[in-house]
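Work through the exercises below with the sequence and the model side by side. Try each task before reading its solution.

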Amino acid sequence: MKNSATIIVLILAICLFSCSTKTEQGITVVSTEEIETLKDLNNVQLVDVRTPVEYQSGHLFNSQNIDYNSPTFEADISKLDKEKPVILYCQKGGRSAKCAEIMLKAGFKKIYDLKGGYSEWEHADLKVNL
């Protein structure tokens with residue numbers, strides 16, 4: 001029974017990552033469906049890079065807010081664990097893509113960027129935290 005569960009998880013992971021768009025080594029652009037699976041994995045850091053006002057108007061469950069436009073942005077992301085996967089999102093995908101590049105240069109190993117950002121999440125009518 002345990003082996004069956006392991007095989008199912010591996011098949012799901014293969015399917016999940018075969019549909020993703022790799023933009024650069026270490027950065028993978030993923031869909032809302034893929035994020036749903038990824039955010040349930042252990043040790044994933046979910047980061048909303050929008051402003052605090054945007055974050056307070058609604059965000060993904062268990063996300064932390066690190067404002068890309070903040071003067072302390074680079075210091076704030078340096079507090080994250082570079083060895084653990086990071087899922088990034090902003091409103092439409094622009095800031096999170098820029099953030100992903102910065103994090104890659106800073107030595108983060110695995111970065112996922114939500115295609116279409118929070119707008120796409122809302123459009124898919126998925127759960128948010130208000």
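**Exercise 1. Register of strands 3 and 5**

Which residue in strand 5 is the bridge partner of Leu46?

Solution. The model is a predicted one.
- Step 1. Find the two strands: strand 3 covers residues 45-48, and its pairing with strand 5 is parallel, over 4 bridges.
- Step 2. Start at Gln45, whose bridge partner in strand 5 is Val86.
- Step 3. Go on to Leu46: its bridge partner in strand 5 is Ile87.

**Exercise 2. The faces of the two strands**

Find which way the side chains of strand 3 and strand 5 point, and say whether they are buried or exposed.

Solution.
- Step 1. Take strand 3: Gln45 and Val47 point one way, Leu46 and Asp48 the other.
- Step 2. Take strand 5, residues 86-89: Val86 and Leu88 share one direction, while Ile87 and Tyr89 take the other.
- Step 3. Check burial. In strand 3 all four of these residues are buried. In strand 5 all are buried too.

**Exercise 3. Extending the sheet**

Identify the other strand pairings that involve strand 3 or strand 5, and the handedness of the unit that strand 5 opens.

Solution.
- Step 1. Look from strand 3 to strand 4: 2 bridges join them, and they run parallel. Here Asp48 has Asn65 of strand 4 as its bridge partner.
- Step 2. Look from strand 5 to strand 6, residues 111-114: they pair in the parallel sense over 3 bridges. Leu88 stands opposite Asp113 of strand 6.
- Step 3. Follow the connection. Strand 5, helix 5 (residues 94-105) and strand 6 form a β-α-β unit, and this unit is right-handed.

**Exercise 4. The chain as a whole**

How many helices and strands does the chain have, and in what order do they run?

Solution.
- Step 1. Count the elements: 6 helices and 6 strands.
- Step 2. Read from the N terminus: α-β-β-α-β-α-β-α-β-α-β-α.
- Step 3. Add burial: 37% of the 130 residues count as buried.
- Step 4. Add contact range. Among contacts with a separation of 6 or more, 64% are between residues 24 or more positions apart.

**Exercise 5. Surroundings of Arg95**

Is Arg95 buried or exposed, and which side chain does it join in a polar contact?

Solution.
- Step 1. Place the residue: Arg95 lies in helix 5.
- Step 2. Apply the cut-off. Arg95 has a relative accessible area of 17%, so it is buried, the limit being under 20%.
- Step 3. Find the polar partner: the side chains of Arg95 and Glu54 are joined by a polar contact of 2.9 Å.
- Step 4. List contacts outside four places in sequence. Among them are Val49, Arg50, Thr51, Tyr68 and Asn69. Cys90 is also in contact with Arg95.

**Exercise 6. Cysteines**

How many disulfides does a search of the whole structure find?

Solution.
- Step 1. Search the whole structure: the result is 0 disulfides.
- Step 2. Test Cys90. Its nearest cysteine sulfur, that of Cys99, is 9.1 Å away. A disulfide needs the sulfur atoms within 2.5 Å, so this pair does not qualify.
- Step 3. Check accessibility. Cys90 is buried because its relative accessibility is 1%. Cys99 is buried as well, at 0%.

**Exercise 7. Two single residues**

Describe the setting of Leu38 and the backbone of Asn62.

Solution.
- Step 1. Place Leu38: it is found in helix 2, residues 32-38. Its relative accessibility is 2%, so Leu38 counts as buried.
- Step 2. Span the chain. Leu38 and Pro85 are 47 residues apart, and their C-alpha atoms are separated by 9.3 Å.
- Step 3. Place Asn62: it lies in the loop between helix 3 and strand 4. Asn62 is exposed, because its relative accessible area is 74%.
- Step 4. Read the backbone. Asn62 is not a glycine, yet its phi is positive, about 65 degrees. Most residues other than glycine have a negative phi.

**Exercise 8. Confidence**

Which element has the lowest mean pLDDT, and which the highest?

Solution.
- Step 1. Take the average: the chain has a pLDDT of 82, and 77% of the residues score at least 70.
- Step 2. Compare elements. Helix 1 (residues 2-18) is lowest at 44, and strand 4 (residues 64-65) is highest at 97.
- Step 3. Mark the weak stretch. Over residues 4-23 the pLDDT is below 50, and this stretch has 17 contacts in the model beyond near neighbours in sequence.
- Step 4. Draw the limit. Where pLDDT is low, predicted coordinates should not be read in detail.

Technical notes:
Residues are numbered from 1 along each chain as its sequence is written. This is a predicted model: local features need pLDDT of at least 70, side-chain atom pairs count only at pLDDT 80 or more; totals for chains, interfaces and linings use all residues. Side-chain values use heavy atoms; hydrogens and water are left out. Buried means under 20% relative accessible area, exposed over 50%, partly exposed in between (1.4 Å probe, protein chains only). Two strands pair if DSSP finds at least two bridges between them. A crossover is right-handed if, with the strands pointing away from the viewer, the path from the first strand over the helix to the second runs clockwise. pLDDT is the predictor's confidence in each residue, from 0 to 100. Contact means heavy atoms within 4.5 Å. A polar contact is a pair of N or O atoms within 3.5 Å; within protein, one must be able to donate a hydrogen and the other to accept it, and residues adjacent in sequence count only if both atoms are side-chain atoms.
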